[in-house]
Amino acid sequence: MDDYDRPLFFHMMEYAAAAERDVVDMVSGNPDWEAPAAVRSGLAAYADADVERFQYPPSEGLRELREEIAARRNVDVERVIVTNGAGEANYLATACALEAADGDEVLLTDPVYPYYQGRAKMLEATPRFVEAEPDGTLDPAAVRATASDEAAAIVVNSPNNPTGAVYGRELKRELVDVAETHDALLVSDEVYDHFVFEDGAFATALEFDSKRVAVTNSFSKSMAITGFRVGYAVLPEWLLEAARTRHMLVNVACSRPAQRAVLAALRETPADYYEETRRLLADRIDAFCAALEAAGAEYTRPRGGFYVMARFDGYPGTLDNAERLVDEAGVAGMPGAAFGDSREAWLRFALVTPRAEEAADRLASFFA
Ligand SMILES: Cc1ncc(COP(=O)(O)O)c(C=O)c1O
């Protein structure tokens, strides 16, 4: 696994956009559904604010937004840093863990969200991979076998991109324990926590009172605002000062209007909004998986998130084959090889289009 300097997402998106035929784009994780109404009204109201409110916000984020997040996550407000999406939150946690640790290893899963790997490389860490189980979860024994005192961070994501796996409470407990055993930091990326399709399947790492846990999250997916760049990290106290400094030196602060709009939406959005999105996605998943089933494909039905992995007999998920699907089937997905060695035979499709079922029908015709 190399060549992650520029994630393959960009290449596939450009390839699909340049195609001469009609293509259903299932490459990126950009939601196609509406944001909460209060995002729009919050943003509109901001345009009329006094110019004073167009100036730098506090570097660690607007106090009221941090308080709102802290109350929801049941943590001390001081532990919350508002970041430029979960992307920056993951960067801060990983970089500061590496800086503080003796070892230089970052434990990742295979398949992996490619940015984790690129970031580990950028930070000159040594990535160590634990192969996920066929259902996308992790075998704690495999994690223990790979972890050592060289581990500075263990970076996991649940609900998972790309497998759709959801790690339960017991697995999270095991991961916290491994991190504690080796004085490493468990970085638990929970950006898809609003998209869980089985009651009780998901557990946040914040359930465990441990100095070795950092939780990262954002509003990119839950509010369908990937372009706003508002996320957060909940960090253990020993990491706070280093993380705040790094955040300030790299970013100064995060966009103030975007933080305000998110704050308004957190306060005003009814639970129905999230429920409706979940229902929309569950219906899409059903329709897409049914069409894959009819096409004789092997596939993973996500328990959370909005990605489906599929495998077609004799058609491994290489970059060439993903490009051929764009040209000949009119469907753009991600090559499984982009996520590591273990899912090389697979392709990943993001269900962020109302045309998901049509895409599956196109795949069925192509592979018939
Ligand atoms: C697992 C995972 N973490 C982080 C991100 C980035 O999220 P954000 O927009 O909050 O930076 C994504 C985006 O697709 C993701 O899939």
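How many helices and strands does the secondary structure of the protein chain come to? I looked this up before anything else, in a model that is predicted. I counted 12 helices and 13 strands in the protein chain.

**Entry 1: the whole chain**

I then turned to the overall dimensions. The radius of gyration of the protein chain is 20 Å, close to the 21 Å that the globule rule gives for 368 residues, so the chain is as compact as a globular protein of that length. Along the principal axes, the C-alpha atoms fill a box of roughly 60 × 55 × 35 Å. I noted that buried residues account for 48% of the 368 residues. I also looked at contacts between residues at least 6 apart in sequence, and 74% of these join residues at least 24 apart.

**Entry 2: the ligand**

Which residues are the closest to the ligand? I found G85, A86, G87, S218 and S220 in that position, within a shell of 13 residues. Helix 4, residues 85–100, gives the largest share of this shell, with 3 residues. Sorted by class, the shell has 9 polar, 3 nonpolar and 1 charged residues.

**Entry 3: strand 2 and strand 8**

Next I examined strand 2, which spans residues 80–83. V80 and V82 point one way, whereas I81 and T83 point the other way. I recorded the general pattern beside this: in a regular strand, side chains alternate between the two faces of the sheet. All of these strand 2 residues are buried. Strand 2 runs antiparallel to strand 8, residues 231–234, and 4 bridges join the two. I traced I81 across to strand 8, where its bridge partner is A233.

**Entry 4: helix 10**

How many residues has helix 10? I counted 24 residues, from 271 to 294. From its first C-alpha to its last, helix 10 reaches 35 Å, close to the 34 Å expected at 1.5 Å a residue. Its buried residues include Y273, T277, L281, R284, I285, F288 and L292. I kept a general rule in mind: an α-helix has 3.6 residues a turn, so residues three or four places apart point the same way. What covers the buried residues of helix 10 includes strand 9, strand 10 and helix 12. Just after helix 10, G296 takes a positive phi of about 75°.

**Entry 5: the open sheet**

I followed strand 9 and strand 10 into their sheet. It is an open sheet of 4 strands in the order 9-10-13-12, with antiparallel pairing. Strand 9 and strand 12 are the edge strands, as each pairs on one side only. Strand 9 pairs with strand 10 over 3 bridges, in the antiparallel sense. Here I found E298 standing opposite R311 in strand 10.

**Entry 6: two exposed residues**

Is S365 buried or exposed? I placed S365 in helix 12, residues 356–367. S365 counts as exposed because it has 11 C-beta neighbours inside 10 Å, and the cut-off for exposed is 12 or fewer. From S365 to A329 the C-alpha distance is 8.0 Å, although the two are 36 residues apart in sequence.

I checked E328 in the same manner. E328 belongs to helix 11, residues 319–329. With 11 other C-beta atoms within 10 Å, E328 is exposed. E328 and L363 are 35 residues apart along the chain, and their C-alpha atoms are separated by 9.6 Å.

Definitions and conventions:
Residues are numbered from 1 along each chain as its sequence is written. This is a predicted model: local features need pLDDT of at least 70, side-chain atom pairs count only at pLDDT 80 or more; totals for chains, interfaces and linings use all residues. A residue is near a molecule or strand if its C-beta atom, placed from the backbone, lies within 6 Å of it. Ala, Val, Leu, Ile, Met, Phe, Trp, Tyr, Cys and Pro count as nonpolar, Asp, Glu, Lys and Arg as charged, and the others, Gly among them, as polar. A residue is buried if 20 or more other C-beta atoms lie within 10 Å of its own, exposed if 12 or fewer, and partly exposed in between; C-beta atoms are placed from the backbone. The expected span of a helix is 1.5 Å times one less than its number of residues. Two residues are in contact if their C-beta atoms, placed from the backbone, lie within 7 Å. Two strands pair if DSSP finds at least two bridges between them. The radius of gyration is taken over C-alpha atoms; the globule rule is 2.2 Å times the number of residues to the power 0.38.
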